[in-house]
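Grab a pencil and work through the exercises below with the structure open beside you. Each task comes with a solution in steps, so try it yourself before reading on.

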Amino acid sequence: MKFTSFKTGGIYIHIPFCVNKCPYCDFYSITDLSLKSRYLQALLKEMQLGRLPSLAFDTLYLGGGTPSVFDPVEIEQIIETAYAQLKILPDAEVTLEVNPGTVTLDSLKAYRAVGINRLNIGIQSFQDANLEFLGRIHSAKDAALAMAWARQAGFDNIGIDLIYGLPQQTGENWRFDLEHGVQLRPDHLSCYMLTCEPGTGLDRDLRCGRYRPLEDGKVRALFDLTMDYLKAHGYLHYEISNYARKTGEDAPPRMSRHNLKYWTFAPYVGLGAAAHSFIEPQRSWNYSDVKRYIRKLDSRKRPVEETEVLTPEQLLTEAVFLGLRTIKGIDLVAFKRKFGLDFLMSYKKTISELENEGLLQRQPDRIALSRKGLALLDSVVSMFTGQQIKVPDYGGVDP
Ligand code: SF4
């Protein structure tokens, strides 16, 4: 991880509508689609109100929720307004998250025509039983069709999301999804471990004993299988859950330019209900309530619920947390330049304990988690972040 190595920012636009609420999901979204058009107007107003950062942006990401509940004409309005109000660079990566249950060949062609140049398709699984457990609105056939239509529509940069670690899932079952995913040759694959977040339907079902989560050892085996399978099939593992397809010497793997910003301390502006912004050292977030968000904008007020200024110590903790998620790990020279601290000296005891357990790997100028460390990310990170480190003469953003 190199801090603030990007001078350009990213724009995230949240579309908080879904046809159905998936039981594992804790993203902010609602299923009352009747609010869509008022929300769209509010979103356009948020961009038109002004006082947005004067940064240059090279990514625009429409996420959700299910952005593909908005038709291409509505998406065009959002994109046009964003381009009119913010300085978006000509070669920007413009991503739309789509749900296979909400697209057709024609709609994908139309999204392409209005300026979307990257798709992220929420496939999750190529098996109907898994999709049913996950509460998805699409079938395995819809998933494969969405991918085929996306290529037909002219998209040459496509990411897909898959989920593993379902109750009773075997290696064979997960391998089936990996095989089907790889056969479609997506440019990018995100493989997320199913987690049971408090307050979700999955959490309630767990408490009622409706299912038993997969044992840790088995989840770990699926994580290992993912890494081995995707590496063997030409994918570069660059963040704990993310893989980019290698396309040859001259063409670098297509990592998600937008998501890289989150892991590298780059600035990003969030628009829409529940969206977060980060422009060092400040973080802010909008109301996670569509009606309140609309009301604020109807009265021409910014829909920001809260703003906080991170202390140097908080920024340092975040840098460690984010850096260890990446496969390259933390760039020790950049860390020193940014925080005025020698990472190896500051965390000497923790590093030595983790190295003894085979959880860290060190190179001359970087430190990263080993494969075993990645599988235990949360506990490893908490050993670093639980340690109080005082940052001397914080230098802030790199020149
Ligand atoms: S479609 Fe996506 S955002 Fe909507 S509920 Fe399901 S997982 Fe969450």
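**Exercise 1. Find out which elements cover the buried residues of helix H12.**

Step 1. Start with the cover: among the elements in contact (heavy atoms within 4.5 Å) with the buried residues of H12 are helix H11 (312–325), strand E13 (330–331), helix H13 (343–346) and strand E15 (366–369). Helices (H or I, at least four residues) and strands (E, at least two) are DSSP runs, counted from the N terminus.

Step 2. A word on what you're looking at: this is a predicted model, where local features need pLDDT of at least 70 and side-chain atom pairs count only at pLDDT 80 or more, while totals for chains, interfaces and linings use all residues. Residues are numbered from 1 along each chain as its sequence is written, and side-chain values use heavy atoms, with hydrogens and water left out.

Step 3. Now the residues themselves: H12 spans residues 332–339, and Leu332, Ala334, Phe335, Lys338 and Phe339 are buried in it. Buried means under 20% relative accessible area, exposed means over 50%, and partly exposed is in between (1.4 Å probe, protein chains only).

Step 4. Why do they count as lying on the same side of H12? Because they cover an arc of only 160 degrees around the axis; the arc is taken from the directions from the helix axis to the C-beta atoms. As background, an α-helix has 3.6 residues a turn, so residues three or four places apart point the same way.

**Exercise 2. Describe what happens at the start of H12 and just after it.**

Step 1. At the start, look at Asp331: one of its side-chain oxygens comes to within 3.0 Å of the backbone nitrogen of Val333. That's a polar contact (a pair of N or O atoms within 3.5 Å; within protein, one must be able to donate a hydrogen and the other to accept it, and residues adjacent in sequence count only if both atoms are side-chain atoms).

Step 2. Just after H12 comes Gly340, with a positive phi of about 70 degrees.

**Exercise 3. Work out which parts of the chain the salt bridge of Lys45 and Asp298 ties together.**

Step 1. Get the total: the whole structure holds 21 salt bridges. A salt bridge here is a side-chain nitrogen of Lys or Arg within 4 Å of a carboxyl oxygen of Asp or Glu.

Step 2. Pick out the pair: the side chains of Lys45 and Asp298 meet at 2.9 Å, N to O. Lys45 sits in helix H1 (residues 36–48) and Asp298 in helix H10 (residues 290–298), so this bridge ties together parts that are 253 residues apart in sequence.

Step 3. Check the exposure: Lys45 is partly exposed at 27% relative accessible area, and Asp298 is partly exposed at 44%.

**Exercise 4. Is Arg283, the partner of Glu308 in a salt bridge, buried or exposed?**

Step 1. Glu308 and Arg283 form their salt bridge at 3.2 Å, N to O. The pair links distant parts of the chain, with Glu308 in strand E12 (residues 304–309) and Arg283 in strand E11 (residues 282–286), 25 residues apart.

Step 2. Arg283 is buried, with a relative accessible area of 17%, whereas Glu308 counts as partly exposed at 26%.

Step 3. Elsewhere, Arg220, Asp224, Asp228 and Arg371 are joined into one network by salt bridges that share partners.

**Exercise 5. Follow Lys218 to its salt-bridge partner, then to Gln168.**

Step 1. Lys218 lies in helix H8 (residues 216–232), and its side chain meets that of Glu215 in a salt bridge (3.7 Å, N to O). Lys218 is partly exposed at 45%, and Glu215 is partly exposed at 41%.

Step 2. Now cross over to Gln168: the C-alpha atoms of Lys218 and Gln168 are 9.1 Å apart, with their positions 50 residues apart along the chain.

Step 3. Gln168 belongs to the loop between strand E5 (158–164) and helix H6 (171–183). Gln168 is exposed, at 72%, and has a positive phi, near 65 degrees, without being a glycine.

**Exercise 6. Locate the cis peptide bond from Gly64 to Gly65, then list the residues around the ligand.**

Step 1. The bond from Gly64 to Gly65 is cis, with omega near 15 degrees. Gly65 is in the loop between strand E2 (56–64) and helix H2 (72–85).

Step 2. Around the ligand (a heavy atom within 4 Å of it) you'll find Cys18, Asn20, Lys21, Cys22, Tyr24, Cys25, Gly65, Thr66, Asn99 and Arg136.
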